[in-house]
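This briefing goes through the structure shown below. It is grouped by topic, for reading alongside the coordinates.

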Amino acid sequence: MKTGAIAAARLVAARDLRLAFRKPSQLLQPLLFFMIVATLFPLTLTPELSRLRDAAPGVLWIGALLSSLLALEFLFRDDAVDGTLEQFALSGQSLTWMLFAKTCTHWLLTGVPLALSAPLAALALGVPVPALGAMIAALALGSFALSLVGAICAGLTLGARRGGVLLSLLTLPLSVPILVFGSDATRQAIAGAEIAGPMYMLGALTVLGVTLAPLAAAAAVRIGLE
Amino acid sequence: MSEFLAMSGYGKYLWPSFAIGFGIVALNLVLALRALSSAKQQAKRRLEMSP
Amino acid sequence: MNWTWFHRFGSAPYMYGFARRWAPWFGGVALLLMLIALYGGLVLAPPDYQQKDAYRIVYVHAPSATLSLMIYSTMAVAAAVGLIWRMKVAHAAAAACAPIGAWFTVATLATGSLWGKPMWGTYWAWDPRLTSELVLLFLYFGYMGLRAAIEDPQKADKASAVLAIVGIVNVPIIKYSVNWWNSLHQPATRLLGEADMDWSMVWPLLTMFLAFMLFFGAVLLIRLRAELLRRERGASWVREVLS
């Protein structure tokens with residue numbers, strides 16, 4: 001049965017990637033959103049790079065969180081609407097593994113591009129070049145954790161009215177530890193200090209998420225499909 | 001008595017704290033009783049409507 | 001071991017009767033203990049060496065804080081019992097806990113804020129314990145919001161149960177944040193054994209803890225009755241109980 005579960009998961013992942021690349025413009029939207037949010041802060045706070053540098057960790061991480069929330073709506077929405085999600089649940093294969101696969105592709109399509117293009121926003125916010133590598137690593141890891149947590153909440157709000165805002169309200173408190181350590185790592189990197197501490201915590205949170213989130217998400221989806 | 005109320009100068013923090021704390025305690029009781037009575041009313045209405 | 005007594009708790013009419021009978025007792029004893037604790041804490045206990053009389057806020061702040069965490073845990077456990085054993089009564093209990101817990105979290109934040117001003121010079125600080133207590137309030141709101149947003153009562157029960165269980169990770173973070181990080185909030189004070197506080201200050205605090213817990217029990221039982229009525233629709237026991 002284990003081989004069946006992973007093979008099914010691989011098929012789900014491949015399907016998701018194929019579907020996503022049919023509408024490449026949709027892939028760009030969360031990225032654009034992130035860039036726009038990052039631009040709004042210098043416009044509304046201050047154009048001084050030295051002061052923006054202090055705010056940069058917060059701006060980058062809140063931007064990442066918001067664009068992740070936007071993209072989360074579409075994690076399960078299309079599949080729930082056309083009945084595919086129900087088929088997954090009834091297939092006899094592990095729903096947990098399939099949802100984990102969906103979460104991973106979601107991260108590959110939103111979190112990773114965001115982490116890789118964050119240097120553009122970061123440089124505009126005065127982040128020094130040596131800090132960029134660490135920043136990308138932290139954002140990549142943190143966005144994975146955010147996708148995992150978001151998957152649980154997306155599953156829970158499947159059957160809810162006006163799920164969009166509720167999804168954000170549910171995800172935000174649960175993402176606080178990720179935000180705290182992620183922005184801490186970025187702040188340390190900007191200051192040129194040791195980032196191992198917060199990165200390890202971020203890693204620990206991600207491991208916790210990987211082990212528990214798909215289970216919770218599968219439970220939530222089954223409840224929503226009843 | 002005025003010493004008691006002044007609480008060595010901290011009275012203006014202490015008494016509002018107790019007021020808020022025990023006010024919330026009392027409020028919880030009131031809200032719970034109201035929830036119960038409205039649930040009873042709704043249940044009665046449902047019973048009357050059904051055959 | 002005869003487990004019938006435990007299974008009775010799964011029966012809605014039994015729990016309704018139990019709640020109706022015991023809530024007044026829980027409430028009455030709670031009120032009495034509160035008055036005793038207030039007298040002990042405000043009148044009998046001496047002023048603190050450093051904080052003078054300001055420390056007395058502890059008598060309302062600490063029990064509220066403990067309760068905000070305890071109620072969330074109770075809610076999560078009840079939700080888990082409801083999910084695993086499919087007990088409607090357990091789901092009803094979880095639903096009943098939420099508003100009470102949220103209010104005590106508000107009380108904790110408010111009384112803590114009023115204590116912080118004279119002690120730390122600020123009404124608020126973004127330190128780990130305060131921040132995670134605030135997050136706890138958001139979790140309560142999220143739980144109640146999710147319940148309200150799902151039409152089907154069974155789905156609402158189960159979905160909010162999953163949320164409550166997922167959110168339990170926040171509780172140890174709040175409790176141990178003062179140990180794990182350099183926090184503005186003071187670390188835990190030892191009350192018993194090698195106590196950090198004089199007994200005359202400790203016994204009113206312990207009494208107040210007990211009083212608040214019994215009070216929670218009373219209010220929970222009242223709200224539980226309301227939840228049970230809402231869930232049982234046209235069941236025959238409802239007819240009997242309301243006439």
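**A loop residue in chain C, and the overall picture**

C:Arg86 sits in the loop between helix 3 and helix 4 (88-120) of chain C. The model is a predicted one, with an ipTM of 0.89 and a pTM of 0.88. Among the 2 pairs of chains that touch, chains B and C share the most contacts. Chains A and B have no contact with each other, and their closest C-alpha atoms lie 24 Å apart.

**C:Arg86 and helix 3 of chain C**

- C:Arg86 comes just after helix 3 of chain C.
- The phi of C:Arg86 is near 50 degrees, which is a positive value in a residue other than glycine.
- Most residues other than glycine have a negative phi.
- C:Arg86 counts as partly exposed because 13 other C-beta atoms lie within 10 Å, and the partly exposed class falls between the limits of 12 or fewer for exposed and 20 or more for buried.
- Helix 3 of chain C covers residues 58-85, which is 28 residues.
- At 1.5 Å a residue, helix 3 of chain C should span 40 Å, and its end C-alpha atoms are 39 Å apart, so the two values agree.
- Of the 28 residues in helix 3 of chain C, 20 are buried, and the helix is mostly covered.

**Confidence**

- Chain C has a mean pLDDT of 88, and 92% of its residues score at least 70.
- Within chain C, helix 3 has the highest mean pLDDT of the elements, at 94, and helix 7 (residues 170-180) has the lowest, at 74.
- Chain A has a mean pLDDT of 89, with 99% of its residues at 70 or more.
- Within chain A, confidence is highest in helix 6 (residues 132-156), at a mean of 94, and lowest in helix 1 (residues 2-22), at 86.

**Chain A: fold and packing**

- Chain A has 8 helices and 0 strands.
- In sequence order the pattern of chain A is α-α-α-α-α-α-α-α.
- The radius of gyration of chain A is 18 Å, close to the 17 Å that the globule rule gives for 226 residues, so chain A is as compact as a globular protein of that length.
- Along the principal axes, the C-alpha atoms of chain A fill a box of roughly 55 × 30 × 30 Å.
- Of the 226 residues in chain A, 48% are buried.
- Taking the contacts in chain A between residues at least 6 apart in sequence, 80% join residues at least 24 apart.
- A:Ala219 is part of helix 8 of chain A.
- A:Ala219 counts as buried because it has 22 C-beta neighbours inside 10 Å, where the cut-off is 20 or more.
- A:Ala219 and A:Leu156 are 63 residues apart along the chain, and their C-alpha atoms are separated by 8.7 Å.

**Chain A against chain C**

- The contact between these chains involves 19 residues of chain A and 15 residues of chain C.
- On the chain A side, helix 6, helix 7 (163-191) and helix 8 (196-225) each supply at least two residues.
- Helix 7 of chain A gives the most to that side, with 7 residues.
- By class, the side of chain A that touches chain C has 14 nonpolar, 2 polar and 3 charged residues.

**Chain B: shape**

- Chain B contains 2 helices and 0 strands.
- The radius of gyration of chain B is 21 Å, well over the 10 Å that the globule rule gives for 51 residues, so chain B is more spread out than a compact globule.
- The C-alpha trace of chain B spans about 65 × 15 × 10 Å along its principal axes.
- Buried residues account for 24% of the 51 residues in chain B.

**Chain B against chain C**

- The contact between chains B and C draws on 27 residues from chain B and 32 residues from chain C.
- The side of chain B that touches chain C divides into 19 nonpolar, 5 polar and 3 charged residues.

Definitions and conventions: Residues are numbered from 1 along each chain as its sequence is written. Chains are lettered from A and ligands numbered from 1 in the order in which they are written. This is a predicted model: local features need pLDDT of at least 70, side-chain atom pairs count only at pLDDT 80 or more; totals for chains, interfaces and linings use all residues. Two residues are in contact if their C-beta atoms, placed from the backbone, lie within 7 Å. Ala, Val, Leu, Ile, Met, Phe, Trp, Tyr, Cys and Pro count as nonpolar, Asp, Glu, Lys and Arg as charged, and the others, Gly among them, as polar. Helices (H or I, at least four residues) and strands (E, at least two) are DSSP runs, numbered from the N terminus. The radius of gyration is taken over C-alpha atoms; the globule rule is 2.2 Å times the number of residues to the power 0.38. pLDDT is the predictor's confidence in each residue, from 0 to 100. The expected span of a helix is 1.5 Å times one less than its number of residues.
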